[in-house]
Amino acid sequence: MALKRDSGDYYFEEHSEALLSAFNVYDDMQESEKRVTATARDMNLIEAALAVRDESYDKILILIRHGEAKHNEFERQYAEKHGTSFEQANEDENYPADPMLTGKGCGTMLNVSNRTATFFNKETGLLPELFVVSPLRRAIQSALISFPHDAPLTSLSSIPWVCHPSCMEQANGNKSEFVSSPEELEQTFPGIDYDLFKQSLMRGDVYNSSEKVPLFESKIDLMNRTDAFVEWIKERDEKVVVVSSHATWLQSLCAFSLQYEDSDNTNLEMFKKGEMRSVGIKFS
């Protein structure tokens, strides 16, 4: 599997190989008629704007990976200082939990906001109707910086923002996956709907919030989560949906839960930090 990745994304080759190996097992485990079939096509933002008025597409997904966060910076500085690998930084007591973006990460997302201001407006017709964000703060912050004119409480558009627990990264056992509580998130990012996140905690789902224990997730569980998200998004009325999440989750969604037509294997590649892609989807 060909990969494009950022420096510091040290676990991606291992993750990608494991995900690919798990897919054959996962596909055999699932009854194909029970999985939602979502045919997908990569498109640029001009094509996405045209696709909004094209009835052959049910959804236009705008997929974003968060910008550089403080744990990425900590890992890099730790490795430089101690001459060790990035992985060992996670064992340090000062490793950031549920980190926010660095200044560099904020700058990356500000660059994204320049693109969204150009392409997402009444003139193009490409207008977000729903924002879906991971509960981890770096993903929420990235979406808010990328679409400042649509931010909850400050926008006149009243576009819903939903915090969806299925979009969270929880694959690597890193302290950066220690998620804040819904109450803490509401204080930092008001105006977002945290009901799904609260419900998941009430059901006893583990998201590294109350107990600071690294959570490891199988690749099959990851694919279950991205498949469940596709089912959830199918039932929504909104057509243009912005999703802010993480590299491993986005790769599972694009490489396995969506079925790309005429693919050049771009869907298999890892999202870089701050990368935004647009995808047209048709359900059948």
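## Exercises on helix crossings and the surroundings of N44

The crossing of helix 5 and helix 6 is right-handed in this predicted model.

**Exercise 1.** Using the axes of helix 5 and helix 6, determine at what angle they cross and which residues make the contact.

*Solution.* Begin with the axes: those of helix 5, residues 103-119, and helix 6, residues 137-146, come within 7 Å and cross at roughly 40°. Because angles from 65 to 115 degrees count as roughly perpendicular and those under 35 as roughly parallel, helix 5 is classed as oblique to helix 6. Next, list the residues on each side: helix 5 contributes C106, M109, L110, V112, S113 and T116, while helix 6 contributes Q141, S142, I145 and S146. Finally, sort these residues by character, which gives five nonpolar, five polar and no charged residues in the contact of helix 5 with helix 6.

**Exercise 2.** Carry out the corresponding analysis for helix 9 and helix 10, stating how their axes are arranged and how the residues of their contact divide.

*Solution.* The axes of helix 9 (residues 219-234) and helix 10 (residues 247-257) come within 9 Å, and they cross at roughly 70°. That value makes helix 9 roughly perpendicular to helix 10. On the side of helix 9, the contact is formed by L222, M223, R225, T226, D227, F229 and V230, and on the side of helix 10 by T248, W249, S252, L253, F256 and S257. When the residues of this contact of helix 9 with helix 10 are sorted, seven are nonpolar, four are polar and two are charged.

**Exercise 3.** Locate N44 in the fold, decide whether N44 is buried, partly exposed or exposed, and find which backbone nitrogens lie by polar atoms of the N44 side chain.

*Solution.* First, place the residue: N44 sits in the loop that joins strand 1 (38-43) to helix 2 (45-51). Second, consider accessibility: the relative accessible area of N44 is 41%, so N44 is partly exposed. Third, examine the side chain, where a polar atom of N44 lies 3.1 Å from the backbone nitrogen of I46, and a polar atom of N44 lies 2.7 Å from the backbone nitrogen of E47. Fourth, look along the sequence, where N44 and R277 are separated by 233 residues although their C-alpha atoms are 7.5 Å apart in space.

**Exercise 4.** Set these details against the protein as a whole by stating how many helices and strands there are and what share of the residues is buried.

*Solution.* The protein contains ten helices and seven strands, and buried residues make up 56% of its 284 residues. Turning to contacts with a separation of 6 or more, 80% are accounted for by residues 24 or more positions apart.

Technical notes: Residues numbered from 1 in each chain as written. Heavy atoms only, no water. Helix = DSSP H or I, 4+ residues; strand = E, 2+ residues; numbered from the N terminus. Buried < 20%, exposed > 50% of the residue type's maximum accessible area, 1.4 Å probe, protein only. Polar contact = N/O pair within 3.5 Å; in protein donor to acceptor, adjacent residues only side chain to side chain. Axes fitted to C-alpha atoms, helices over the stretch in contact; angles between N-to-C directions. Parallel < 35°, antiparallel > 145°, perpendicular 65-115°, else oblique. Left-handed = near helix turned anticlockwise from the far one by under 90°. Contact = heavy atoms within 4.5 Å. Nonpolar A, V, L, I, M, F, W, Y, C, P; charged D, E, K, R; others polar.
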